[in-house]
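Welcome! Please take a moment to look over the sequence and the model, and then we can walk through the main features together.

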Amino acid sequence: MTVIRWGILSTAHIAHTALIPAIRRSRNAQVTAIASGSGKAAAVAARLGIPKSYENYEEMLRDPEVDAVYIPLPNHLHKEWVIEAAKSGKHILCEKPAALTAAETEEMVSFCRQQKVTFMEAFMYQFHPQHQRVREIIASGEIGEVKLMRASFSFYLDQPQGNIRMDAAKGGGSIYDIGCYCIHSIRHVLQSEPVSIQVHGQIDPQYQVDTSAFATLTLENGMNAMFDCSFEMTFRNMYEIVGTKGRITVPRAYRPDLHGGEGVVAVEKDGERREEYISDDQYKMEVEHLSQSIVEGRDPIYPGESSIRNMRVIDACYESLRNGTVVRM
């Protein structure tokens, strides 16, 4: 089996708590190097047993023993370092959101295509099989005709000062940080793109980022959707599908890893409720899928063009929030 050798472009918290352990659990990937611009790479490499460390990103990108890189940098740096990685012939897993605008994402995806490197945005949740099960239940007709999907992702950010999520210049804000998951799941589960969006929310007067957002969407297949995301509410990560005959709720939609990888799909119909428990390792599945796609020279199931479409919805959300209007797409 061909094993993809990964370099980690940053010592960000998510890298050493989620992705590096996931790469080590995978069958077809290994962590070869880590780089940091903050002088922490050597210490992190020593602590985690990573063979190589670099104190700048460029040096790691020149390493011929690195096949692919994971980029968990702040949002405003995604475009720059995706392009630099692609110039060096490295395949790329980039944290969400892919960039700050759809135009930036188009440029990144196009350049990766030109350089013949694989690019994927890191929406890890989609690799958990509970979502495929939801789509199967919908397709079976058990809950009737789908009329509405509601998605929610929130957590209480009690110390905003110094938190990158509150830095407008670096792509802070609740829609960029967690609303992107709600948008993605609506598109992914319902298999349709929005045609109109209206968003209301709170903009923090000090930090000038959205701390809460509430959106309504109409999809091209005629279905309706709503989502809310917030730094001002207790932790929730769920979605609900409402049909003419019943409903499906997924209470651990985006972070089943916080429950040992166990997801829950609950179906309510005719006064009865059943729960299906589905377990898997979504971070490992993400790494293995992308690594195998690289080995086989094919697009991943979530290609760059889908990232562009997701970013177009995010653009529309921010336009609606700024202007207080319905945005037609």
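## Helix α9 and the pocket beside it

What you see here is a predicted model. A good place to begin is helix α9, which spans residues 304-323 and lies across β8, β9, β10 and β15. Helix α9 runs at about 50° to β8.

One residue to pick out in helix α9 is Arg-322. Is Arg-322 buried or exposed? Its relative accessibility is 62%, so Arg-322 counts as exposed. Along the chain, Arg-322 and Gly-201 are 121 residues apart, yet a distance of 9.4 Å separates their C-alpha atoms.

Arg-322 also helps to line the second largest pocket, in the company of residues including Leu-100, Tyr-176, Ile-203, Asp-210, Tyr-318 and Leu-321. This pocket holds about 230 Å³ of space. Helix α9 supplies the largest share of its lining, with 3 residues. Sorted by class, the lining of the second largest pocket contains 7 nonpolar, 3 polar and 2 charged residues.

## The sheet of nine strands

Now turn to the open sheet of 9 strands, where the pairing is mixed. Its strands come in the order β14-β13-β12-β11-β7-β10-β9-β8-β15. At the edges are β14 (272-279) and β15 (327-328), each of which pairs on one side only.

Within this sheet, β12 (residues 246-250) and β13 (residues 262-269) are antiparallel partners, joined over 4 bridges. To find one of these positions, look for Ile-248, whose bridge partner in β13 is Val-267.

Helix α7, made of residues 174-190, lies across β7, β8, β9, β10 and β11. The angle between helix α7 and β7 is about 155°.

## The sheet of six strands

There is also an open sheet of 6 strands, and here the pairing is parallel. Its order is β3-β2-β1-β4-β5-β6. Which strands stand at the edges? They are β3 (52-54) and β6; each has a single partner strand, so one side of each has no neighbour in the sheet. From one strand to the next, the twist averages 25°.

Strand β2 (residues 29-35) pairs with β3 in the parallel sense, over 3 bridges. Ala-33 has Lys-52 as its bridge partner in β3.

## Helix α4 and its surroundings

Helix α4 covers residues 78-87, and its buried residues are His-78, Trp-81, Val-82, Ile-83, Ala-85 and Ala-86. What do these buried residues pack against? Their neighbours are the strands β1, β4, β5 and β6, together with the helices α3 and α5.

After α4 comes Gly-89, which has a positive phi near 75°.

## The largest pocket

Why use a probe to look for pockets? Rolling a probe the size of a water molecule over the atoms reveals where empty space remains. In the largest pocket there is about 950 Å³ of space. It is lined by 39 residues, and those closest to its centre are Ile-14, Glu-95, Lys-96, Arg-165 and Asp-177.

Four elements, α1 (13-25), β7, α7 and α8 (282-296), give two or more residues to this lining. Among the contributors, α1 gives the most, with 6 residues. By class, the lining of the largest pocket is made up of 17 nonpolar, 12 polar and 10 charged residues.

Definitions and conventions:
Residues are numbered from 1 along each chain as its sequence is written. This is a predicted model: local features need pLDDT of at least 70, side-chain atom pairs count only at pLDDT 80 or more; totals for chains, interfaces and linings use all residues. Side-chain values use heavy atoms; hydrogens and water are left out. Two strands pair if DSSP finds at least two bridges between them. Contact means heavy atoms within 4.5 Å. Axes are lines fitted to C-alpha atoms, for helices over the stretch in contact, and angles run from 0 to 180 degrees between N-to-C directions. Buried means under 20% relative accessible area, exposed over 50%, partly exposed in between (1.4 Å probe, protein chains only). On a 1 Å grid over the protein atoms alone, a cavity is a set of points where a 1.4 Å probe fits but cannot get out, and a pocket is an open set with protein on both sides within 12 Å along at least five of seven lines; lining residues have an atom within 4 Å of a point. Grid points are joined across faces, edges and corners, and a volume is the space filled by probe spheres set on the points. Ala, Val, Leu, Ile, Met, Phe, Trp, Tyr, Cys and Pro count as nonpolar, Asp, Glu, Lys and Arg as charged, and the others, Gly among them, as polar.
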